[in-house]
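Student: I would like to take a close look at one part of this model, the way its helices pack and what the loops beside them do. Could you walk me through it slowly, in one connected answer?

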Amino acid sequence: VTRRFAFGTTLPDQTPAQAAGELQAVSVELAAKSTEKWRDSLVYAAFGGRDDAGAIQRELAWSSYYLQAAAGFDREANTRVVSQGGALRYFYGVEGAIGDVALFADALTLVDPTLAADNLAFALSAQHGQESATPYRIPYGEIGIDDFEDVLGQTQRSDVYAMVPAALAQYLAFTGDQDFLQRPVVFWPRVLRETGSIGRHVADLLLYINGSLGRGGGGLLAMGSGDVTDQLIDESASVATASGTGSTFNSMVVAQRFEILADILQEEDSGVADGYRDIFTEQVPLLADTFSGSYYYRGFDDAGAPLLDQFVFALPQALAILARVAVGEDASDLLSYFENELAVDWGILTDTGLPDDGNAVRFGHVRPAISGWVTAAASRADAGRGFALFVKSLGFTRAELFPNLWYGLWTGPESYVGSGSDEGSVGASVLTAFGNEPALNVHPHAASIRGLMGVLGL
């Protein structure tokens, strides 16, 4: 069954012409109400004394609009959802990745808390129920009507098991909405109508984390078939399996938010709270061994050796600061690494090679989603230097540097080429919809809001 997107609907006894006529009759009133509503729903951030203050404010207002306007309504889950959008949603019909849906809830929590809650509910509605062959699993994304998709063979994408609880922790901490834990949410397959509260879904996630997902190299949460970056284990020259590879990313997210979640859940369900706290207590000490002496490794293979250790990845450096694994001078040193090795004039590279490897890169893209983490981390280490990286990552900076590219300012893709002759262009083959339609992706706009939250110390 094909997933379709409707821009409007009619009542059973209406024709489209009648419905359009009724709208036109009240169009002036609706436009005025819409303008008033949006004026009160945007993010305004004034940075005085800067020549680019107007450009920063305009972009943040636009990003906050786009982030909310990207919401759709999923009939089967009976909730709104802001997913990645772009070619993934509008060409391939996939709502996902589900970990990204949780990340957008992070960005929405202070902008539109009810939409953030809906995003979390949608993410958990993708969780497989007891009758599934893989109970409590959350797939890469949803496709069609009440079906799921494991993109590129990602049958055990693991970031969702850290990111959904982490986003829930932030939502509950900021809003104090304990009643949300009682909200009923359906399991997959939805046709069976197995339903449980948010609290039950979170309890079942705990079972999956400690069971099917398990631990990989270095004792870290397993990477599965990939974490927030697809197919990392396929790039490794060493033995790196889905169950045997440990993910620094997943364990850093645990260190950042799981203790907060446990504290919030304590009164609701002390057993589940203790389970999440146990994972936090288990994982945090292990993160000291993920440090090379200069930077944090991306993960560990089945034998416990560093994964792809000829490259330095931006994400674990940022999360080490956000999780307070690296503090003080150590955090400042990581910020210097961002500035000297990973920063380009318009953002942060996903990775770089070690100097003795001739500065080769594995991926070498600029991904707004990662820039959001980096900005927040850099701002925690040093507010002024973090703000400078924040401005570098905004769309108007790209527009000044790449005036011949139509995308990347008001709309854009999830990834850009970070260097070379194609620098600044879409980071995907033009033979795919991702490269041929580099627009309508939500990550650039969510990253701007997440970056602002980091700049403000939120």
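Tutor: In this predicted model, the axes of helix α12, which covers residues 314-322, and of helix α14 come within 8 Å and cross at roughly 40°. Angles under 35 degrees count as roughly parallel, and α12 and α14 are therefore oblique to each other. The crossing in which α12 passes α14 is left-handed. On the α12 side the contact is made by Ala314, Leu315, Ala318, Leu319, Ile321 and Leu322, and on the α14 side by Ile370, Trp373, Val374, Ala376, Ala377 and Arg380. Sorted by character, the residues of this contact of α12 with α14 comprise 11 nonpolar, no polar and one charged.

A second pair of helices can be read in the same manner. Helix α5 (residues 98-108) and helix α7 (residues 160-175) have axes that come within 9 Å and cross at roughly 20°, and α5 and α7 are therefore roughly parallel to each other. Here too the handedness can be stated, for α5 passes α7 in a left-handed crossing. From α5 the residues Ile98, Gly99, Ala102, Leu103, Ala105 and Asp106 take part, and they meet Val160, Met163, Val164, Ala167 and Gln170 of α7. The residues of the contact of α5 with α7 divide into eight nonpolar, two polar and one charged.

Both α5 and α7, together with α14, appear again when we turn to helix α18, since the elements that cover its buried residues include α3 (53-69), α5, α7, α14 (368-381) and α15 (383-392). Helix α18 runs over residues 443-455, and its 13 residues reach 18 Å from the first C-alpha to the last, close to the 18 Å expected at 1.5 Å a residue. It is mostly covered, with 12 of its 13 residues buried, and among these buried residues are His443, His445, Arg450 and Met453. After α18 comes Gly457, whose phi is positive, near 75°.

Helix α3, one of the elements covering α18, can be checked for its length as well. Its 17 residues should span 24 Å at 1.5 Å a residue, and its end C-alpha atoms are 24 Å apart, which agrees. Like α18, α3 is described as mostly covered, and 12 of the 17 residues of α3 are buried. The buried residues of α3 include Ile56, Glu59, Leu60, Tyr66 and Leu67, and the buried residues of this helix pack against α2 (27-39), α5, α6, α15, α16 (395-401) and α18.

Helix α8, residues 198-213, gives another view of burial. Its buried residues are Ile198, His201, Val202, Asp204, Leu205, Leu206, Tyr208, Ile209 and Leu213. Among the elements that cover them are α6 (113-125), α7, β6 (184-186), β7 (195-197), α10 (248-265) and α11 (270-286). Gly214 follows α8, and the phi of Gly214 is positive, near 75°.

It remains to look at the backbone in the loops. Most residues other than glycine have a negative phi, and most peptide bonds are trans. Against that background, the bond that joins Gly96 and Ala97 is a cis peptide bond, with omega about -5°, and Ala97 sits in the loop between β3 (94-96) and α5, the helix that we saw crossing α7. A second cis peptide bond runs from Trp188 to Pro189, with omega near -5°, and Pro189 belongs to the loop between β6 and β7, two of the strands that help to cover α8.

Two loop residues other than glycine have a positive phi. For Asn78 phi is near 60°, and this residue is placed in the loop between β1 (72-74) and β2 (79-81). For Leu308 phi is near 50°, and Leu308 is found in the loop between β9 (299-300) and β10 (311-313). Their surroundings can be contrasted through the relative accessible area, for which buried means under 20% and exposed over 50%. Asn78, with a relative accessible area of 56%, is therefore exposed, whereas Leu308, with a relative accessible area of 6%, is therefore buried.

Definitions and conventions:
Residues numbered from 1 in each chain as written. Predicted model: local features only at pLDDT ≥ 70, side-chain atom pairs only at ≥ 80, totals over all residues. Heavy atoms only, no water. Axes fitted to C-alpha atoms, helices over the stretch in contact; angles between N-to-C directions. Helix = DSSP H or I, 4+ residues; strand = E, 2+ residues; numbered from the N terminus. Parallel < 35°, antiparallel > 145°, perpendicular 65-115°, else oblique. Left-handed = near helix turned anticlockwise from the far one by under 90°. Contact = heavy atoms within 4.5 Å. Nonpolar A, V, L, I, M, F, W, Y, C, P; charged D, E, K, R; others polar. Buried < 20%, exposed > 50% of the residue type's maximum accessible area, 1.4 Å probe, protein only. Expected span 1.5 Å × (residues − 1).
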